[in-house]
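Dear colleague,

I am handing over the structure we spoke about, and my notes on it follow below. Please look through the sequence and the 3D view before you read them.

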Amino acid sequence: MSERTAGPSRSDLVADTALALLAERGMRGLTHRAVDEAAALPQGSTSNLARTRQALLELAVRRLADREARVLALHEMPDPRAGAGPLAAALALAAHRALTNNRALTLARYELALEATRRPELRVYFDATGARFRDQLTALVTGMGSTDPARHTLSLIAWADGLMFSCVAGSFGADVPSLDDVRTGLRELLEGMLGG
């Protein structure tokens, strides 16, 4: 008997398709029917899995968090006691992956973030899934000796989010910075906040 390779679960397929539609068509293009069609599922499959729009958005946010965790790979970060250089290099690689090979995923994140500003119930869910990234980054800057980890974490996230938004959806959309440029910017930021 041959061993079958399991594909993505129905839930992952629906969520991945929802994320792809968000990146391609925006929030207006995300419907249960559109997900069924794009995923080549029988009509009503998405509704059976996620009955309401809120449930579909939550499914997409949960999958986004899982996929971004793999892109950012914070579990692979160097020991923060090694200094700003190695940490800047690792964070730059994560940010550069989000700007290049995972550009559509980053765009979907911004679509969901904007929708969460209009849906308080989605905001709570969106913020909760993002907390694991913030918590890990806070642990890293604390390990580097930060005297104000919450403020320094906010500064790092704001810098990275600003870079990614500008290069994915903003006025620098045609100009993706090189990995070296991202690393230099992060190193300057980290050394300015925490010392060399």
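**Two crossing helices and an aromatic pair**

In this model, which is predicted, the axes of helix α5 (residues 84-99) and helix α9 (residues 179-194) come within 8 Å and cross at roughly 135 degrees. An angle of 65 to 115 degrees would count as roughly perpendicular and one over 145 as roughly antiparallel, and α5 and α9 are therefore oblique to each other. The crossing in which α5 passes α9 is right-handed. If you would like to find the contact in the viewer, the residues of α5 that take part include Leu-87, Leu-91 and His-96, while those of α9 include Val-182, Leu-186 and Leu-190.

The other finding concerns aromatic rings, of which the structure holds 1 pair. The ring centres of Tyr-110 and Phe-165 are 5.2 Å apart and their planes stand at 90 degrees, so this pair is edge-to-face. Because Tyr-110 belongs to helix α6 (residues 103-116) and Phe-165 to helix α8 (residues 149-168), the pair ties together parts that are 55 residues apart in sequence.

How buried or exposed are the two partners, Tyr-110 and Phe-165? Tyr-110 has a relative accessibility of 11% and counts as buried, the cut-off for buried being under 20%, whereas Phe-165, with a relative accessible area of 39%, is partly exposed. Tyr-110 also has Arg-109 lying over the face of its ring, at 5.0 Å from the ring centre.

With best wishes

Terms used. Residues are numbered from 1 along each chain as its sequence is written. This is a predicted model: local features need pLDDT of at least 70, side-chain atom pairs count only at pLDDT 80 or more; totals for chains, interfaces and linings use all residues. Side-chain values use heavy atoms; hydrogens and water are left out. Rings of Phe, Tyr and Trp (its six-membered ring) pair if their centres lie within 6.5 Å; planes under 30 degrees apart count as stacked, over 60 as edge-to-face and the rest as tilted. Helices (H or I, at least four residues) and strands (E, at least two) are DSSP runs, numbered from the N terminus. Buried means under 20% relative accessible area, exposed over 50%, partly exposed in between (1.4 Å probe, protein chains only). A charge sits over a ring if NZ of Lys or CZ of Arg is within 6 Å of the ring centre and within 35 degrees of the ring normal. Axes are lines fitted to C-alpha atoms, for helices over the stretch in contact, and angles run from 0 to 180 degrees between N-to-C directions. Angles under 35 degrees count as roughly parallel, over 145 as roughly antiparallel, 65 to 115 as roughly perpendicular and the rest as oblique. A crossing is left-handed if the near helix is turned anticlockwise from the far one by less than a right angle, and right-handed if clockwise. Contact means heavy atoms within 4.5 Å.
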